[in-house]
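Biologist: I am new to this structure and would love a close look at one small part, with its surroundings explained afterwards. Could you walk me through it?

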Amino acid sequence: MAPELLLLSVAGYTAGALAALAFRGMVGRALVAAGALGGSLATLALGAWCLATGATLVFAAPWLPLTGFALRADSLSAFFLIVVGLAAAAASLYGFGYSAHYDGRYSLRLLGAMFNVLLLSLTVQVLADNALTFLVTWEVMSLSAYFLVLTEHDQAGTVRAANWYLGVTHAGFAALIAAFLVLAAGDMTGSFAAMRSVGLTPGTRNLVFLLALVGFGTKAGVIPLHVWLPMAHPVAPSHVSAVLSGVVIKMGVYGLMRVTLDLLGGGPAWWGGIVLGLGAVSALLGVLYALMEHDLKRLLAYHSVENMGIILLGVGAGLMFQSYGLPALATLGFIAGLYHTLNHACFKGLLFLGAGSVQYATKTRNMEDLGGLIKRMPRTAACFLVGAAAISALPPLNGFASEWLVFQTLMGGALVPRPEVAIGMPIAVAMLALSSGLAVACFVKAFGITFLALPRSTDAARAREVPASMQVGMLLLVGMCVALGVTPFLVVPALSRALAGLGRIPVTPIGFSLHLPFSVAGVTGEMSPLLLAVGLALLGVLTAIVLRLLADRRLRVGDTWGCGRIGQTPRMEYTATAFAEPLRRVFAELYRPTEDLSIDFHPKSKYFVRSIAYRSEVQPWFERLLYTPVLSALRGAAARVRQVQAGSLHLYLAYLTIALLVLLVVARWSR
Amino acid sequence: MDATFSQLAMLGSSLMLIFGLILLWRRRVPAYINAFTGQSVALAGVAGATGYFGTESELYWVAAFVLLLKGLVIPSLLRRMGRRFGSERELDPYVNTATSLLLAGLLVLFGYAVMRPLVVTSRLPTRASMALAMGLILVSLFVIVTRKKALTQVVGFLMLENGIALLAILGTYGIPLIVELGVFLDALLGFLVMQIFVYRIHETFETIDVEQLSRLRH
Amino acid sequence: MTADLMMAAAQGLLALFLAPGVVGLVRWLKARLQNRRGAPPWQPYRELRKLFQKEVVVSRHASWLFHLAPFVVFASTLAVAVIVPVLAVPLLVDRIGDLLVVVYLLLLGTFFLALAGLDPGSAFGGMGASREVTVAALAEPTLAVAIFALARSAGSTNLGEIAARTTADPLSAVSPGHLLAFAALFIVMLAETGRLPVDNPATHLELTMIHEAMVLEYSGRYLALIEWAAALKFLVFFILLGNLFVPWGLARALTLEAVMTAVGVFAVKVVVLAVAVAVLETRVAKLRLFRVPELLSASFVLALLAVTSSFLLR
Amino acid sequence: MLLFLKILKAGIVTEPLAPGEPDVIEVAREVETKARRLLGRAVAIREVDAGSCNGCEIEITGLTGPVYDSERFGIHFVASPRHADLLLVTGPVTRNMEIPLLKTYEATPDPKIVVAVGDCARTCGVFRGSYAVVGSVDAVIPVDVFVSGCPPEPTDILRGILTALDRLPKRKRRRDGT
């Protein structure tokens, strides 16, 4: 059954991509969506099938050039196939309606084709079984994403964002090539099976790990390699953003786990420590920068950085505990990381789709121009609210279930008898707690300013609910957010199987049964989100019934209370900037905000103000401290290299000849 | 028995550490002086407890002496100084309050890490508390480095001295009384010298903000 | 099993109906400390009854969220009250949620209340919401690390488990780790329930409000629900402080005698904590809003020290 | 510590119910029973200064102080008319305060009472005829009780509140204000 499913999904994506080139307008959009949907459902089914049966699918095409193409679906791939399939299905459904407003403005052909290519490359990516397949699909994925980011090429900032994305991604890609070259250790087939068995010295293994960390870290948007992410994700079409943030960056996690866990089979404790530390820093700084954003999609993009941090906290803790010989705790850490990966794909996908609906209806992403949408687009608002609550880790939704597991893992770290770990764990717990608290603040802001109160612009006031296909896309993910949230007793054993299927690391199967006992040596904590959800609903309904029976039922509609002032205008509302102001002050040392206030007084009296202009920006000192030096060094190098460029054709030909001669000399006498 | 002693020593050391942290949180000199008094009383308590459980009768004398000197004499001298410059608050330290507190927390953790080998190898029931004493020393140094007002720095210095005394008592069950006395007298003398300096600074600059001292260079 | 569940329901109801009285008690104590006669401790019940009998006035700009929020706030707080051990440990409901669940359930209430504050579009509501989430977010690390410290010494994050282990090892109750975690949690309690020095529960000045500003728009039965939930949250923190750190008196078996003792001891704990809060509120002034983070970072350091000392004593 | 010693020494300064001025006691007792019957002995007051000279406010502040201690009757002041049962309006209604007063009245949920405090609230006092004054309070919103005095003593205000509470059940249908 598995090969058929794989074939089906590849066929679906290919058909979608070809349809995009062949058909235009409504038909084209429908076919693109159908192809992508069919492909992603097949992907989902393939993943579920492999995970449920434990089957391993192997497919090889050695007749292809170089080392040939090789695919293999093991349990880890199966899990990531599910992640890809879920987010992609929702995004393609949504994309049908969403891309309508691109018709005639931007190239729907490119969008549809590249979207399907991206999904295809994602599917193949997690199945890759040799270095060549992995790297080629990686590059296809990066490039198709690049073209998708460029869709709205005439908007300000899009090209710059895409270039940043391309640059950073390729830097990461270079690191990956190096990592695989070192890992292959002279074995020219580059097959993963060979890499698993090759015995490298600890120094080489460390090198591979660090290179892989840089390579996959750029994809995952780990701080400080995140700079491209908040630029590139917001400018892409929203259903693409959902896939980029929901799935593409997860390939960083997949790659990291594939290389460190599967190919290298685990490493020393400091590997885990580094991943954990990067995770904690990404989680905290990601949300802190998200708080300062009032571009809805950029805010979500920064939250992707945060959530990648949370995932890495789990994975890093897993790696670390594994090296300390605590397999149960390590398994828990990996499970927490994977669980959050799946959850993040659902709620971040949902939120990006919601933000896309807002943009679709109002033509803006700036929260300061939004407001009041809950009355104009009630269904979008409800969906976004669920997503916001899920990403804020509020029970009983899915974000909470996985964050709870991360917390439990980290608390279990107190068992490790090393002072540096013992000191690090409470700090990691505190950073995680702070970032989840700030996420609540951030999403109160995101939802409250965007959807509640009065519209702050005429565009927002004229907004209408989005078409049904977009709503269905969002509803699908809403359902997943709730379902994944209340069923950890199903998800955790499945994830446990996904890890155990790797067969490379000692894994303790972990159960999470409905009636609760959930314990790993050293970590005990119990909860049951399902009972909690039922209880909450019950208590809420009960309260409503009691209130209806006993309390007064009169209700009158009046003005908003504002100390008796006349009329209420949107200018009286709290803005996004104002909402985040207390936190900006608290973390002023980090943000180093620049403020610019200019007041235009009335010439007669300074008690009357004509206009006030206030501008405040947060300094992106990451870019300044880390990237500016690198970039200026590159520019300097480029300038120096330019000296060889004389414009003379003969000179260039001479370079070629010299290069050829040198190569021949090297090839002949190097052995 | 040992368990109780260990708990008591921990309790006393934790109290002293918290009194030390008050220096970072409050801004008024009387609060500093009260914190120092409390810390000295706690030190006396620890010394007394060590004397009782470690059967070192000399430590009772140390306890009494600490109580007298640091619990009564120096605080009253400090209050007299405080009355003179009491209106000067620690308003604008080099590192703001919240960050200071967090850094102090990290310093204590660092102290714990530093003392870890000793804690592991030592068999003393007080071994756990020594990490806290180290933390107190580091926090006091931090106060002296980041605070601007001379009076704050004086209190910081006195707390540093308390921390060292605590470490000595916990680590060695009290060095000979005569050495201890010498150290105390040293501290008292140091304090008196500083007191004179503070008065002079105030006379010269009309403030006890030691940042002003950089003007002396010219 | 049945007795167990009934006990859980009973203690949830007890907490629910005791909560306004505790707020009233603190108010009465404060009145006495201000040399006033004050309203009797049962005054909040009268206020709730009156509010339930009143009409609701809703802003024309408010949406369905405004009507939903009081129920979410009330239900989530009530769920917490059912989970926390009021009289007896261990109960089956203990396994529905641990301390982390408690924290995040309370956060759920805060989330919805803050949104409801923004909903009618009033500047006061926005201000209150912004401040409330700021304080809640900054209190989060302290809570998590204090939970870490408790879990570290008890080996579990489950409330019943923590209480049971502390009872088994009485010396651990006076260990510095325990005391420091208590202090940290006490400060967080003041911040989360809007007491002095973080927020003045009796203020009438909008510009200094935190919690109050969010609910300025609510009236009638909705207001009653929110006020009741706030009182319940206050009591929940009392229960956490009283029953996790000083777990003696909790019924270990469901006999009448044990439960009656538990009720008596519980009453004593609540009164002691109420006196502590009242005295503290009389003694301290409200902090400026931007000194609140300093207070919370102080509480964070306390929690961190609590964890450290629990490592030390290993 | 010193603070608490002082608190202990001062004792309860609230005027007790039994001895003291007969007037106050009687009023207070009546408020107590009436308030209990009508509003569950919990009366939330929103104070509106419609343009007063602040003399009345000083007297009203006296109500909450330790001596009169209105809280013991369950009377307390609230920050929003949404929470209020009773509006305490002072001063002549100035032009700037006309709409705010009306809006406050509209914002208060039923059942509600209005007590106008001070001579100005009834007659505009010395401000009568001023260009800035609209008129007495009852020209803008329905008033249940006027409390006269310039300024009225806290006792009188308490009595006014009592009388107003007395009238509450008779007024079944109210003008909605919109």
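Biologist: How many bridges join strand β6 (residues 594-601) of chain A to β7(A), and do the two strands run parallel or antiparallel?

Modeller: Happy to help! Eight bridges join β6(A) to β7(A), and the two strands run antiparallel. Strands are DSSP runs of E with at least two residues, helices are runs of H or I with at least four, and both are numbered from the N terminus; two strands pair if DSSP finds at least two bridges between them. One of the partnerships links A:Asp600 with A:Ser611 in β7(A).

Two reading notes. The model is predicted, so local features need pLDDT of at least 70 and side-chain atom pairs count only at 80 or more, while totals for chains, interfaces and linings use all residues. Residues are numbered from 1 along each chain as its sequence is written, and chains are lettered from A and ligands numbered from 1 in written order.

Is β7(A) buried or in the open? Strand β7 spans residues 609-617, and the number buried among its nine residues is zero, so β7(A) lies largely in the open. (Buried means 20 or more other C-beta atoms, placed from the backbone, within 10 Å of a residue's own; 12 or fewer means exposed, and in between is partly exposed.) In chain A as a whole, buried residues make up 56% of the 671 residues. That chain has 26 helices and seven strands, and its C-alpha atoms fill a box of roughly 90 × 70 × 60 Å along the principal axes.

Another strand of chain A, β5(A), finds its partner in chain C. It pairs with strand β1 (residues 56-59) of chain C in the parallel sense, over four bridges. Within that pairing, A:Arg556 stands opposite C:Val57 in β1(C).

This brings us to where the two chains meet. Of the five pairs of chains that touch, A and C have the most contacts, a contact being two residues whose C-beta atoms, placed from the backbone, lie within 7 Å. Here 66 residues of chain A are in contact with 72 residues of chain C. On chain A's side, the elements giving two or more residues include α17 (398-412), α22 (529-550) and β5 (555-558). The most comes from α18(A), with 14 residues.

Helix α18(A) is worth following inward. The largest nonpolar core has 441 residues, and A:Val429 and A:Leu432 touch the most other members. (Such a core is a set of buried Ala, Val, Leu, Ile, Met, Phe, Trp, Tyr and Cys residues joined through C-beta atoms within 7 Å.) Helix α18 (residues 419-451) of chain A supplies the largest share of this core, 22 residues. Apart from neighbours within four places in sequence, A:Val429 is in contact with A:Phe407, A:Leu410 and A:Met411, and also with C:Ala144, C:Val145 and C:Phe148. A second, separate core of 42 residues includes D:Val48, D:Ala50, D:Val93 and D:Ile113.

Chain D itself has six helices and seven strands. From the N terminus on, its elements run α-α-β-α-β-β-β-α-β-α-β-β-α. Of its 178 residues, 48% count as buried. In chain D, 81% of the contacts between residues at least 6 apart in sequence join residues at least 24 apart; in chain A, 79% of such contacts do.

Lastly, chain B. Five of its residues are in contact with four residues of chain A. No contact joins chain B and chain D, and their closest C-alpha atoms lie 13 Å apart.
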